[in-house]
Amino acid sequence: MKYQELVDVYSALEATTKRLEKTEIISEFLKKLDTGTIEKVGLLILGVVFPAWSSEEIGIGGKLVERAVAEAVGTTQATVEDAVRDEGDIGLACIKLYAKKSQMTFFSQPLTIDFVFNSLRKLSQISGSRSTNRKIAVILELLSQASATEAKYLTRTITEELRIGVGDGVVRDAIAQAFDIDKKVVERAQMLTNDFSVVAKTAKEEGSSGLEKLNLTPGTPVKPMLAQLAPPLEEIIPEMGVAICDTKYDGIRLQVHRNNDEINIFTRRLENITHALPEIVRLFDEHLPHENYIVEGEVIATRDGKPLPFQNILHRVRRKHNVEEAIENVPLKVYLFDVMYYQVPMIDEPLKNRRTILESIVDTSVDEMNLSTMKIGTAENIKEIQELFETSIKEGHEGIMIKDASEPYIPGLRGKKMLKYKAEPETLDMIVIGGTYGIGKRGDFVGSYLVALRDENNEFKSVAYAATGLDDATLEYLTGKMKELELSTKGREIKVEPKIVLEIAFSEIVESPEYETGYSLRFPVVKNIRKDKGPMDVDTVERLISMYNTGN
Ligand SMILES: Nc1ncnc2c1ncn2[C@@H]1O[C@H](COP(=O)(O)OP(=O)(O)OP(=O)(O)O)[C@@H](O)[C@H]1O
């Protein structure tokens, strides 16, 4: 099938903000596709060629794409850079530049979805000597055969910013609608596989029963179950009946998979970080059975046996070089709290059974390998759970988790069956979309930051201006970043590309027509710059509204 047909779908999607219309457009398109194409479109529709959990990526910077565009249209790189600045995006710049394209390609074949997909995947394989030139050659082959609109979406796909307002939810609904399958069945399949190419293909070929057969596979990460804030213990523990309460460690959540002899470690955002943690791989190899499994836990950094702040562990995980040296400097400890697969899938088992299995398979004879400190809570021993909370805080941890012992593991769900009980108030991770320069002496600094959350179409909607919590050095750093990301400036107001993620604390969520979400925050304070998070990791409008409605 021609790539232009997919491009027409992108254009139609970009032209509407209505979720139902978007769903209808994608659903109609999916119905037309054969099996080989639907697999590819399942990813391309989200602007990617690898599933989110894959460690492979296109990995091409904006500058390289600009160079390729310059060659394709026969102009200079500076002209392309100007067009990108004027238009605010490489895709729109292509539309402008292709209109003036001087270098016509004769006898060119129309691009097909297959060819585009395979070429983009090829980019991730190119490394070593002359790799930049070889990558440019692949991109150039695509761009020189492309129409203006094809170039618009090709360049946006390569730079990983498709900007058509399509998120996982719309794709899930479109697959359900196209093949007449219950949305819940599609959603479960997506949570388990994290791969719309598999979900779309299975839906087409085998329908609902095929999707229901999809299950966990060690080696393929699964979206973790998430927590809400807990109401008072006296209320929630009797409501649950039997609760598994365990220490909440402030580190990084790990999903550890063993598939035959291979061990892989994923973060909660399904990023493969196996290479950064060789000692953790050895730890699992030595202290868990050589069976296929998926277990979950938190890893923390320690010094003299005491937990170190979260940022320390982050350095370890992000590290690409001198990994062995870092092992010495930052000793790690693992605390396991769940098992999702042990020889067979276990997520449908109640938590109390999963915990029993977990306890039976982990050898905790070394300091580094632990089970989370746990106590069973019932209406009769709430005081003991309060004590567990207090000792956890005293030992330098964040608080406790309270989990319904009779519940299955529901991937991706942020529900009432797993709760967090913390000493510190809740924060939200938000993206900066703009800001305001200060006045007088502060006129050179952006002093106030317009922060936003992600809606169901992956568009950013404003929530508040955050202006406190920043020292001078941070203000200077952030102002520099804002200038790099500037889209436009009018008076003291600057608009920027959504790239900077801030963790924001606040006293209360209030209704407010002034902001695009319809809500705002009282006393927003910047707690941290989350350099570890990108635009897709920020919290959602849905979460804000649910926090508003439930009071937490
Ligand atoms: N014993 C434990 N059981 C479950 N999760 C734990 C435990 N100890 C620490 N955690 C961490 O707590 C998180 C649960 O809170 P939540 O799902 O809301 O994540 P979050 O949005 O990152 O919140 P927070 O910033 O409070 O960690 C888990 O993702 C996990 O990383």
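1. A word to start: a residue is near the ligand if its C-beta atom, placed from the backbone, lies within 6 Å of it. With that in hand, please keep in mind that this is a predicted model. In it, the ligand is surrounded by 13 residues, and Leu-226, Ala-227, Arg-253, Phe-337 and Ser-372 are the closest. Two elements each give two or more residues to this shell: strand 1 (226-229) and strand 2 (243-248). Strand 2 supplies the largest share, 3 residues. Sorted by class, the shell holds 6 charged, 5 nonpolar and 2 polar residues.

2. Now step back to the whole chain. The protein is divided into domain 1 (3-158), domain 2 (226-422) and domain 3 (427-550). Measuring over C-alpha atoms, the centres of domain 2 and domain 3 are separated by 31 Å.

3. Next, the nonpolar interior. The largest nonpolar core has 122 residues, and the members that touch the most others are Leu-30, Val-69, Leu-143, Val-171, Ile-175, Met-340 and Ile-402. Strand 7 (residues 332-342) contributes the most to this core, with 9 residues. Domain 1 (3-158) and domain 2 (226-422) each provide at least three of the core's residues. Apart from this core lies another, of 32 residues, including Val-446, Ala-464, Phe-506 and Val-526.

4. Ile-402 deserves a look of its own. Leaving aside residues up to four places away in sequence, Ile-402 touches Ala-230, Ile-236, Ile-237, Ala-243, Cys-245, Gly-377, Leu-419 and Tyr-421.

5. Another residue to find on screen is Ile-252, which belongs to strand 3 (residues 252-259). Is Ile-252 buried or exposed? Ile-252 counts as buried because it has 22 C-beta neighbours inside 10 Å, and the cut-off for being buried is 20 or more. Once residues up to four places away in sequence are set aside, its contacts are Thr-267, Glu-298, Val-299, Ile-313 and Val-317. Take Ile-313 from that list: Ile-252 and Ile-313 are 61 residues apart along the chain, yet 7.2 Å separates their C-alpha atoms.

6. Finally, a note from the records. An unreviewed UniProt entry carries the annotation "domain: ATP-dependent DNA ligase family profile" over residues 325-455. In the model, the chain over residues 325-455 is 42% strand and 22% helix. The C-alpha atoms at the two ends of this stretch are 42 Å apart.

Definitions and conventions
Residues are numbered from 1 along each chain as its sequence is written. This is a predicted model: local features need pLDDT of at least 70, side-chain atom pairs count only at pLDDT 80 or more; totals for chains, interfaces and linings use all residues. Domain bounds come from an automatic or database domain assignment. Helices (H or I, at least four residues) and strands (E, at least two) are DSSP runs, numbered from the N terminus. Ala, Val, Leu, Ile, Met, Phe, Trp, Tyr, Cys and Pro count as nonpolar, Asp, Glu, Lys and Arg as charged, and the others, Gly among them, as polar. A nonpolar core is a set of buried Ala, Val, Leu, Ile, Met, Phe, Trp, Tyr and Cys residues joined through C-beta atoms within 7 Å. A residue is buried if 20 or more other C-beta atoms lie within 10 Å of its own, exposed if 12 or fewer, and partly exposed in between; C-beta atoms are placed from the backbone. Two residues are in contact if their C-beta atoms, placed from the backbone, lie within 7 Å. UniProt positions are given in the numbering used here, feature names are shortened, and annotations may be inferred rather than shown by experiment.
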